[in-house]
Amino acid sequence: MTLPTMAVGSHPVGTGLERQLRPVADDLIGHHLQDWGPILPLDRPDELCALLAPFLSADLTK
């Protein structure tokens, strides 16, 4: 994949998604959020949005 990709994981998956995507994603940002529940949008929506907002607003023309 050549598009920017973000992998966000917490308990119990941890960095599993990031490890799976690493071989196929050219531009991958990974976040391992310890002490968060398994359903990030439900358990910590504000913190998740704080990670997503800069990623989604990045200028891809650079």
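The following dialogue examines how the descriptive terms apply to this predicted model.

Student: What kind of model is this, and how are its residues numbered?

Tutor: This is a predicted model, in which local features need pLDDT of at least 70, side-chain atom pairs count only at pLDDT 80 or more, and totals for chains, interfaces and linings use all residues. Residues are numbered from 1 along each chain as its sequence is written, and side-chain values use heavy atoms, with hydrogens and water left out.

Student: Which elements does the protein contain, and in what order do they run?

Tutor: The protein has 3 helices and 2 strands, and from the N terminus on they run β-α-β-α-α. Helices (H or I, at least four residues) and strands (E, at least two) are DSSP runs, numbered from the N terminus.

Student: What makes S1 and S2 a pair?

Tutor: Two strands pair if DSSP finds at least two bridges between them. S1 and S2 (residues 28–32) have 5 bridges, in the parallel sense, and therefore they satisfy the definition. Within this pairing, Val-8 stands opposite His-31 in S2.

Student: Why is the β-α-β unit called right-handed?

Tutor: The unit is made by S1, helix H1 (residues 16–21) and S2. A crossover is right-handed if, with the strands pointing away from the viewer, the path from the first strand over the helix to the second runs clockwise.

Student: Why is Thr-5 called buried?

Tutor: Buried means under 20% relative accessible area, exposed over 50%, and partly exposed in between (1.4 Å probe, protein chains only). Thr-5 has a relative accessible area of 11%, so Thr-5 is buried. Of the 62 residues of the protein, 26% count as buried.

Student: Where does Thr-5 lie, and with which residues is it in contact?

Tutor: Thr-5 lies in strand S1 (residues 5–9). Leaving aside neighbours within four places in sequence, Thr-5 is in contact (heavy atoms within 4.5 Å) with Leu-21, Ala-25, Asp-27, Leu-28, Ile-29 and Phe-55. In addition, the side chain of Thr-5 reaches the backbone oxygen of Leu-3 at 3.0 Å.

Student: How do you know that Glu-18 and Arg-22 meet in a salt bridge?

Tutor: A salt bridge is a side-chain nitrogen of Lys or Arg within 4 Å of a carboxyl oxygen of Asp or Glu. For Glu-18 and Arg-22 the N to O value is 2.6 Å, so the pair meets the definition. Arg-22 has a relative accessible area of 42%, and is therefore partly exposed.

Student: How many salt bridges does a search of the whole structure find?

Tutor: The search finds 2 salt bridges. The side chains of Arg-44 and Glu-47 also meet in one, at 3.1 Å, N to O. Arg-44 counts as partly exposed because its relative accessibility is 27%, and Glu-47 is partly exposed because its relative accessible area is 32%.

Student: Why does Asp-35 count as exposed?

Tutor: Asp-35 has 75% relative accessibility, and so counts as exposed. The place of Asp-35 is in the loop between S2 and helix H2 (40–43). Phi of Asp-35 is near 70°, a positive value in a residue other than glycine.

Student: What joins His-11 and Pro-12, and where is Pro-12 placed?

Tutor: A cis peptide bond joins His-11 and Pro-12, with omega about 5°. Pro-12 is placed in the loop between S1 and H1.

Key. Polar contact = N/O pair within 3.5 Å; in protein donor to acceptor, adjacent residues only side chain to side chain.
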